[in-house]
Amino acid sequence: MPSNETTVTCPVCELPLYFKDESRKTLVCDSDHRFDAAKQGYFNFLTGKGTNFLEDTSAMVQARDAFQSRGHYAPLANKIAEIVRGHQESSSLDLLDAGAGTGYYLNRILGTSTATNHDALALDISRYAMRRAAKLPHTLALVWDVWRRLPSADASRDVVLNCFAPHNPAEFRRVLRDHGLCIVVTGEPDHLNEVIEPLDMLSVADGKLASLVEKFDANDFQLKHTEQLTYQMDLNTEDLYNLAFMGPAGHHLQPEELRNKVQYLGEQRVTASFGVHVFIPKA
Ligand SMILES: C[S@@+](CC[C@H](N)C(=O)[O-])C[C@H]1O[C@@H](n2cnc3c(N)ncnc32)[C@H](O)[C@@H]1O
Ligand SMILES: [Zn+2]
């Protein structure tokens with residue numbers, strides 16, 4: 001791909017966007033819509049649009065980064081990367097991570113894939129998350145709401161990843177190639193069950209598999225397979241603090257109160273339990 005081309009489409013008129021010049025700091029389309037990179041390298045496509053969703057705050061994203069960098073979710077990252085490698089058919093791999101957060105899982109896929117060309121889009125409503133994702137190799141980080149039309153052309157992705165984030169199966173299907181994979185990760189009912197109540201966390205368990213499958217089935221997807229990944233994590237008080245703060249409860253938890261609670265609890269053995277659901281387009 002020539003260096004000024006991208007695989008991103010304009011959120012206003014849907015024409016392809018390309019970099020205005022070598023600095024890669026401005027995206028433009030042929031209708032002259034223009035988007036300048038923030039100084040941290042991400043592009044905010046939601047400017048002026050407003051949105052009903054609360055973005056993850058800087059403190060929440062920092063907590064997620066700190067927790068993930070301690071490796072507690074590495075088995076999940078490895079599982080996702082293994083699924084992608086097992087499916088990889090060509091030398092190029094075009095990815096889209098919807099609700100990417102810091103891009104932790106995307107990074108693992110990019111770091112372990114055997115493809116020689118990579119193109120990744122990380123989408124998230126949080127500017128703070130996209131600041132971090134913008135540092136990943138081969139990745140354009142875009143502030144965007146996954147409930148809207150995704151800024152990617154029809155059939156432009158080999159893999160759509162969607163971990164603990166809102167699902168938009170109609171759009172996932174539109175941007176996915178016919179041979180592609182959509183990997184959806186949800187929390188199982190026993191995920192973090194030892195600490196949800198003592199730390200005032202909100203459960204991330206995402207309803208029943210049947211209703212997830214129904215939503216995807218209605219949008220031309222079939223479930224290829226689903227795997228449950230369950231293991232125990234030994235968490236110190238800092239990990240517990242970050243775990244509580246990085247989740248949806250981070251919007252309302254008071255840091256001081258949370259510090260006291262984790263000190264009182266002390267080190268804990270906590271269950272991690274994920275459902276990894278692999279959807280493919282119907283034949
Ligand atoms: C629980 S975090 C998961 C992040 C990442 N996938 C991970 O597992 O590390 C959920 C993410 O979804 C993002 N999010 C929530 N609503 C969104 C929306 N409507 N559009 C895009 N991102 C959204 C949040 O900002 C947050 O980064
Ligand atoms: Zn445009």
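**Figure 1. Lysine 79 and its salt-bridge partner within helix H2 of the predicted model.** At 16% relative accessibility, lysine 79 counts as buried, because the value falls under the 20% limit for that class. Its side chain meets that of glutamate 82 in a salt bridge, with 3.8 Å from N to O, and this distance lies within the 4 Å allowed for such a pair. Glutamate 82, in contrast to the buried lysine 79, is partly exposed at 44% relative accessibility. Both residues belong to helix H2, where they are three residues apart, about one turn of the helix.

**Figure 2. The salt bridge between arginine 70 and aspartate 239.** The closest N and O atoms of arginine 70 and aspartate 239 are 2.8 Å apart, and the pair links distant parts of the chain, with the two positions 169 residues apart in the numbering. Arginine 70 is found in the loop between helix H1 (58-69) and helix H2 (74-87), whereas aspartate 239 belongs to helix H7 (residues 237-246). The two ends of the bridge fall into separate accessibility classes: arginine 70 is partly exposed, with a relative accessibility of 47%, while aspartate 239, at 1%, is buried.

**Figure 3. The salt bridge between lysine 282 and aspartate 217.** Here the closest N and O atoms of lysine 282 and aspartate 217 lie 3.0 Å apart. Lysine 282 is located in the segment after strand S12 (268-281) and aspartate 217 in helix H6 (residues 209-217), so the salt bridge ties together parts of the chain that are 65 residues apart in sequence. Lysine 282 is partly exposed at 33% relative accessibility, and aspartate 217 is likewise partly exposed, its relative accessible area being 39%.

**Figure 4. A network of salt bridges that includes Arg149 and Arg174.** The residues linked in this network are Glu14, Arg149, Asp154, Glu171 and Arg174. A search of the whole structure finds 22 salt bridges, and those between lysine 79 and glutamate 82, between arginine 70 and aspartate 239 and between lysine 282 and aspartate 217 are shown in the preceding views.

**Figure 5. The site of the zinc ion (ligand 2).** The protein donors of this ion are the SG atoms of Cys10, Cys13 and Cys29 together with the ND1 atom of His33, and they lie 2.1 to 2.3 Å from the zinc ion. Along the chain, the donors follow the spacing C-x2-C-x15-C-x3-H. The four donor atoms subtend angles of 100 to 118° around the zinc ion, which makes the arrangement tetrahedral. For comparison, the ideal angle for four tetrahedral donors is 109.5 degrees. Of the donor residues, cysteine 10 is buried, with a relative accessible area of 2%, whereas cysteine 13 is partly exposed at 28%.

**Figure 6. The open sheet formed by strands S1, S2, S3 and S4.** This sheet of four strands has the order S1-S2-S3-S4, and its pairing is antiparallel. Strand S1 (5-9) and strand S4 (34-36) are the edge strands, each of which pairs on one side only. Neighbouring strands of the sheet are turned against each other by 30° on average, with direction ignored. Strand S3 (residues 26-28) runs antiparallel to S4 and is joined to that strand by three bridges, and threonine 26 has aspartate 36 of S4 as its bridge partner. Among the elements of the chain, S1 has the lowest mean pLDDT, at 91, and helix H5 (residues 169-175) has the highest, at 98; the chain as a whole averages a pLDDT of 93, and 95% of the residues score at least 70.

**Figure 7. Two aspartates with positive phi, aspartate 200 and aspartate 220.** Aspartate 200 has a positive phi of about 55° although it is not a glycine, and this residue is found in the loop between strand S10 (176-187) and H6. Its relative accessibility of 38% places aspartate 200 in the partly exposed class. Aspartate 220, also a residue other than glycine, has a positive phi near 70° and sits in the loop between H6 and strand S11 (221-235). With a relative accessible area of 34%, aspartate 220 is partly exposed.

Key: Residues numbered from 1 in each chain as written. Chains lettered and ligands numbered in written order. Predicted model: local features only at pLDDT ≥ 70, side-chain atom pairs only at ≥ 80, totals over all residues. Heavy atoms only, no water. Buried < 20%, exposed > 50% of the residue type's maximum accessible area, 1.4 Å probe, protein only. Pairing = 2+ DSSP bridges. Axes fitted to C-alpha atoms, helices over the stretch in contact; angles between N-to-C directions. pLDDT = per-residue confidence, 0-100. Donors = N, O, S within 2.8 Å, 3.2 Å for Na, K, Ca; no water. Tetrahedral: all angles 85-135°; square planar, octahedral: opposite > 155°, others 65-115°.
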